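Let's take a walk through this model together, one region at a time. Keep the viewer open and follow along as we go.

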Amino acid sequence: MSFFGFGQSVEVEILLNDAESRKRAEHKTEDGKKEKYFLFYDGETVSGKVSLALKNPNKRLEHQGIKIEFIGQIELYYDRGNHHEFVSLVKDLARPGEISQSQAFDFEFTHVEKPYESYTGQNVKLRYFLRATISRRLNDVVKEMDIVVHTLSTYPELNSSIKMEVGIEDCLHIEFEYNKSKYHLKDVIVGKIYFLLVRIKIKHMEIDIIKRETTGTGPNVYHENDTIAKYEIMDGAPVRGESIPIRLFLAGYELTPTMRDINKKFSVRYYLNLVLIDEEERRYFKQQEVVLWRKGDIVRKSMSHQAAIASQRFEGTTSLGEVRTPSQLSDNNSRQ
């Protein structure tokens, strides 16, 4: 970034110490495009240099101080004037004075707390970034560099299956079961649907993955539902006693971990939506929330020994319990 004033201009650049070796991750920007950013995790140190390159070597740059900040903030699109910061760290790099030649300033933010995952949604954005500032009397010189943060989770062995009996009295009675209630982002949803009573002429059945983004509080709550995936289970009429398997791979879809009440500003939840359509185009559906979480490629050193064992066992764990919630299907004659 260049600043022009009194015959001097300066180019500011933020360079990470481990830029060559640090992994990058794709992240969706506000305009829907995907770009790659340096990837960090909670507790990792963020260090590097702020490089100042003077364009005119024979002239000095006066300033009122140089600093760098590490910021985590939430921006609600309907309230763009207010940025809600949940992490704000500052390092002073230089006192007020003059710079007569190009130079670089080292910085280090040690074991930085990054409690939430980076997120860009329909109505909200959570971002982390470094911001270098050269304070000037007229206009400051500012350079920002975004990074991406992923949150890793290790769920305990208890990961109950979801088993529900649903129906419309004397017309339809089905039982569906999903093997788990918590899935990592590369997981496979395995399940079965049993038709115990069929007196409605069903012609189509599918499972949708619904993402629900909730922002705001009290009377100013906004819900945005986004259908991430549609998975056709059946095309044709089922018969009594029929069993239909479900196998849905999550890796191919654009998913984030479940986020609940992030800094009391927003939530992101996921639902499996079972949809049946009869020959008269009436739709019957049943939603069930599932928890999504991000699993690390390797077991991190910061995990306890017990957590590491639980993570390894989780892959082969079958359900240890059942949640049985009898409930009636909603007859939603108006389209979803």
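The paragraphs below go from strand pairing to salt bridges, then to backbone angles and the interior. Please keep in mind throughout that this is a predicted model.

A good place to begin is an open sheet of three strands, arranged in the order E1-E4-E9 with antiparallel pairing. Its edges are strand E1, residues 10–16, and strand E9, residues 103–109, each of which pairs on one side only. From one strand to the next, the twist averages 20°. If you look at the pairing between E1 and strand E4, which covers residues 46–54, you will find seven bridges in the antiparallel sense. To put your finger on one of them, select Val12, whose bridge partner in E4 is Leu52.

While you are in this sheet, stop at Ser47, which has its place in strand E4. Is Ser47 buried or exposed? Its relative accessible area is 14%, and because buried means under 20%, Ser47 counts as buried. What surrounds Ser47, once neighbours within four places in sequence are left aside? Its contacts are Leu15, Leu16, Asn17, Phe107 and Glu108. Of the sheet's edge strands, E1 spans 10–16 and E9 spans 103–109, which helps you place several of these contacts on the screen.

Next, turn to another set of strands. Strand E3 (residues 34–40) and strand E12 (residues 141–149) run parallel and are joined by two bridges. Here Leu39 has Val148 in E12 as its bridge partner. E12 also pairs with strand E11, residues 124–134, this time in the antiparallel sense and over seven bridges. The connection from E11 to E12 is a hairpin through six residues. Within this pairing, Arg131 stands opposite Glu144 in E12; keep Arg131 in mind, as we will come back to it among the charged pairs.

Now for those charged pairs. How many salt bridges does a search of the whole structure find? The count is 21. One of them takes us back to the sheet we started with: Lys55 forms a salt bridge with Glu11, and their closest N and O atoms are 3.9 Å apart. Lys55 lies in the loop between E4 and strand E5 (61–63), whereas Glu11 is in strand E1, so this pair ties together parts that are 44 residues apart in sequence. Both partners count as partly exposed, with a relative accessibility of 45% for Lys55 and 29% for Glu11.

Arg131 gives us another pair to look at. Arg131 forms a salt bridge with Glu69, with the closest N and O atoms 3.1 Å apart. Distant parts of the chain are linked here, since Arg131 is in strand E11 and Glu69 is in strand E6 (residues 66–76), 62 residues apart. Glu69 counts as buried, at 8% relative accessibility.

A further salt bridge joins Asp278 and Arg282, whose closest N and O atoms are 2.9 Å apart. Asp278 is buried, with a relative accessible area of 2%, while Arg282 is partly exposed at 31%. Elsewhere, salt bridges that share partners join Glu69, Arg127, Arg131, Glu144 and Asp146 into one network. You have already met Arg131 and Glu144 standing opposite each other, so try showing all the side chains of the network together.

Let's move on to the backbone. Most residues other than glycine have a negative phi. Against that background, His111 is worth a look, with a positive phi near 45°. His111 has its place in the loop between E9 and strand E10 (119–120), and is exposed, with a relative accessible area of 60%. Lys264, which is not a glycine either, has a positive phi of about 60°. You will find Lys264 in the loop between strand E20 (259–262) and strand E21 (266–278). Lys264 is exposed too, with a relative accessible area of 64%.

Our last stop is the interior. The structure holds one cavity of 30 Å³ or more, and the largest cavity has a volume of about 40 Å³. Which residues line the largest cavity? They are Ile189, Ile209, Leu250, Tyr270, Tyr271, Leu272, Val290 and Leu292. The elements that give two or more residues to this lining are E21 and strand E22 (283–293). E21 gives the largest share, three residues.

Note on methods
Residues numbered from 1 in each chain as written. Predicted model: local features only at pLDDT ≥ 70, side-chain atom pairs only at ≥ 80, totals over all residues. Heavy atoms only, no water. Pairing = 2+ DSSP bridges. Helix = DSSP H or I, 4+ residues; strand = E, 2+ residues; numbered from the N terminus. Axes fitted to C-alpha atoms, helices over the stretch in contact; angles between N-to-C directions. Buried < 20%, exposed > 50% of the residue type's maximum accessible area, 1.4 Å probe, protein only. Contact = heavy atoms within 4.5 Å. Salt bridge = Lys/Arg side-chain N within 4 Å of Asp/Glu carboxyl O. 1 Å grid on protein atoms, 1.4 Å probe; cavity = no way out; pocket = protein on both sides within 12 Å on 5 of 7 lines; lining within 4 Å. Points joined across faces, edges and corners; volume = space filled by probe spheres on them.
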